[in-house]
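Colleague: Before I rely on the labels attached to this model, I would like to hear how they were reached. Could you take me through some of them?

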There are 2 protein chains.
Amino acid sequence: MTFLARAATRTGRLAKQRLNQPSSSSSSSSSPKRFYSPEVKTSSVPGPISKKVLSEIDRLTDARPSIVAVDYARCRGNYLVDADGNRHLDMFGQIASIAIGYRNERLEELAGSEEFRIAVMNRPALGVFPPKGLKELLETGLMSVRPKGLDHILTANCGSTANESAYKAACMAYRHRERGHSEFDQDEITSCMENAKPGSPQLTIMSFKSGFHGRLFASLSTTRSKPIHKLDIPAFDWPAVDWPRLKYPLEQNVSENQAEVERCLALVEETIHESKAKGRPVAALVVEPIQSEGGDNHAPPAFFRGLRDVTKRLGVYMIVDEVQTGVGATGSFWAHEKWGLTTPPDIVTFSKKMQAAGYYHTAEMRPSAGYRNFNTWMGDPARSMQARTIIQYIQENGLVEKTAEVGGKLYGVLEQLGHRFPGLIQSLRGKGEGTFIAFDAETAEKRDSIVSGLRNVGVLVGASGERAVRLRPMLIFGEKELDIFSDKFQAVLKDLA
Amino acid sequence: MTFLARAATRTGRLAKQRLNQPSSSSSSSSSPKRFYSPEVKTSSVPGPISKKVLSEIDRLTDARPSIVAVDYARCRGNYLVDADGNRHLDMFGQIASIAIGYRNERLEELAGSEEFRIAVMNRPALGVFPPKGLKELLETGLMSVRPKGLDHILTANCGSTANESAYKAACMAYRHRERGHSEFDQDEITSCMENAKPGSPQLTIMSFKSGFHGRLFASLSTTRSKPIHKLDIPAFDWPAVDWPRLKYPLEQNVSENQAEVERCLALVEETIHESKAKGRPVAALVVEPIQSEGGDNHAPPAFFRGLRDVTKRLGVYMIVDEVQTGVGATGSFWAHEKWGLTTPPDIVTFSKKMQAAGYYHTAEMRPSAGYRNFNTWMGDPARSMQARTIIQYIQENGLVEKTAEVGGKLYGVLEQLGHRFPGLIQSLRGKGEGTFIAFDAETAEKRDSIVSGLRNVGVLVGASGERAVRLRPMLIFGEKELDIFSDKFQAVLKDLA
């Protein structure tokens, strides 16, 4: 702990020095310069160079979803610079995966360090040959922000592999408990090699309709956001239940929303019983704090407390998928901190803004033997180093608190605009959730017009769900950026109204 | 192409300069030094420091499978240095994932470059915001070694995600063909959201018994290597067929082995028909050129040509999983090059030694629309840069050819030792397959004694299958290392005999 305290003081001091220095003091020839406004030079976005570059890329690898080709060397902070030299205020952040801005000086410093260079070019098979400093790396980094009650970690390679490894852990723990913590029997050992029960049990992972948990086969089986994600892919016959459909504004629909929450909780309980009766017990429930890809569907803390109660009571593990909500954007480091749970979830998964991926877990989620939840790389120590720097930077600069504050103001701006443009801004969501804010347009077409209208004036936002616009600014999004967004967005809304 | 040619000449010149320089000329304070022999300082491996470090790591993350804690800063070339300062000739290479040695100078140079530092710290959502130089990066790197006939690529995050993304591509292409290349109908769109057919079709991916293709749910459903990989995890009911069990020495069992190959080919055809009759058509067959995790089970080129013929004839896609066999260790860049196929496989997957992961594919494997085989990161340009350097280093130094040559000698040494120690070295495999060599011991216990005996004299090798020892040296394993291994191994065998 003394080591940790010392390290924190040292890095804190360095950070303060750095923040006080003009950026030109950096020795790098391409030292990050600050940008203060978007600038679109082409008649529309993407411009001609992006179009050409994307069509060339597309001959090698699928670039049909690509928006612009990016000049990453020229990106800075909140600003993305595309191949045509257009500068965008990036409020989408690489699908919510950038925490502390482009070309962050502290990350560039880390990249230049010998420790990082060795780690990134000598990637271990982490489970069998871990680096000797792994404990310290985890303690000063990923474990320093572990959710309360979860003292273990497993690192993975991306959000989908984090979730699926969590599903595996839950299935193993469930069966381990069912067999009374004894060894596997011969029938299990033989049948699993045929993908048959009892060795390959018919356990299920329950999820919510309109939820998103990734796009590999098992994670996709729990994903219910859009057909385009799921069409033509074989799926496990796993149960999904209704997510509470809240009515907005919340203040005017209190009792109706409460009834809806209770209905969904009852459905969860009923489905767990039903599934068990069908010989397909639910090993775990996976849930997002805010359904993100599905359109930013929120639910109140009471709903999540109810989920923890019912899963605990019925012996179902609870996996909280914080791949998109984690790491500060909701105004708390983890979104689930706000629920006031008395028992922690069994597993919390992360990826995206952390740049490293994996899950935190209780001791019960540790497999009965080594090699059971295993693979070659088991994550990436270089990415864990990056996560450590991101975490330290966030803490030293109070970015979670700042995000809570600026998020409140952003919400206020949108609330006002919603009164003026009711067909373009409806069901505003994310009050008290930092900058993790979304709203619906009246139709999918209007939503698309907002997204492309903003893009053409140099502001990048995301689309999600059927007709939602989601904002996913970085944690360094501040008052200045809020003012710019506010001006640009008003102009776009006036044009569309 | 002129650009490519120029780049190749330039890097070739640089590499030659570098190879001729004494290593001390490097400006780095920790410039790689060459080691010429293993050295074990502790009474056994792991030593006391490794044991202590591993037990501390284990409190945070599962370290039960860990062999030693590693001091990566001190590793060099073929040598791994552990936390106790023991120096190991590493013939396992982080589960076959190190191609050109620890602390490779060219990789360290790349790590220090501005291009790499920007890429690794500003990871894009590659599908939507690709870097403007992506086409050149792919052309000069991963695409420069694309298997013949496969002109497209999709990058992923690890071997399992590469394979599962390939399974998805195959399922999409299969259904696209079935529906006559027309659009989805409403029934498909609705049913897929319920994980039900026809939208979530009951397609299957066929694999071979004792094969290994990863450990997520779908990849694990095609993996049939060991119960410990599969127990307690729900699996798709997908077919697996016998892998030809060859008898050794091959020269003395020609007709028997040929009959076995034909039996397995017939089984493949039969199973494809049966599966279709059961309403569970086989969309793709996935196959390793050498079943690696399953114990290094080889099959002759005629078997693979037969597989290509039968899959082509029956409209089943063929996925060649080169995650472990790819990138030179078998004496050709891709193991499947030796088969003499007249039609290329539909997909070839890679990971491990490439450090980047993904798959090469034909145009037919491209989904009918964007966003269908999609995720946030879609691979990692920084790892693609690393792959480019690895590929260039291999080519400039002729490492595939050298591996073919030294592998032949390594095989010869083991053949000789097999005559002297028949209970310890049986069914020697990998003739003409570079250093991708394995043998069986009489029993699992004897195999384990060989592995730990070698470890205690500073040589790391891998165990696989039921009683196999597998050798997975890096491509820089040369005559000198062969001599050392030969001496050390003889001593261990004498002790055990």
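Modeller: In this predicted model, the largest nonpolar core has 224 residues, and A:Met354 and B:Met354 are the members that touch the most others.

Colleague: What makes a residue such as A:Met354 a member of a nonpolar core?

Modeller: Membership requires a buried residue of a listed kind, Met among them, joined to others through side-chain atoms within 4.5 Å, and A:Met354 belongs to the largest such set. Leaving aside neighbours within four places in sequence, A:Met354 is in contact with residues including A:Leu142, A:Phe333, A:Trp334 and A:Ile390, and A:Arg383 is also on that list.

Colleague: Why is strand β4(B) called mostly covered?

Modeller: Buried means under 20% relative accessible area, and five of the five residues of β4(B), residues 204-208, are buried, so the strand is described that way. In a regular strand the side chains alternate between the two faces of the sheet. Here B:Thr204, B:Met206 and B:Phe208 lie on one side and B:Ile205 and B:Ser207 on the other, and both faces are covered.

Colleague: How do you know that β4(B) pairs with β6(B)?

Modeller: Pairing needs at least two bridges, and three bridges join β4(B) to β6(B), which run parallel, so the criterion is met. Within this pair, B:Thr204 stands opposite B:Val282.

Colleague: What makes β4(B) and β5(B) a pair?

Modeller: Two bridges link β4(B) and β5(B) in the parallel sense, and because at least two are required, they also count as paired. The bridge partner of B:Phe208 in β5(B) is B:Val241.

Key: Residues are numbered from 1 along each chain as its sequence is written. Chains are lettered from A and ligands numbered from 1 in the order in which they are written. This is a predicted model: local features need pLDDT of at least 70, side-chain atom pairs count only at pLDDT 80 or more; totals for chains, interfaces and linings use all residues. Side-chain values use heavy atoms; hydrogens and water are left out. Buried means under 20% relative accessible area, exposed over 50%, partly exposed in between (1.4 Å probe, protein chains only). Helices (H or I, at least four residues) and strands (E, at least two) are DSSP runs, numbered from the N terminus. Contact means heavy atoms within 4.5 Å.
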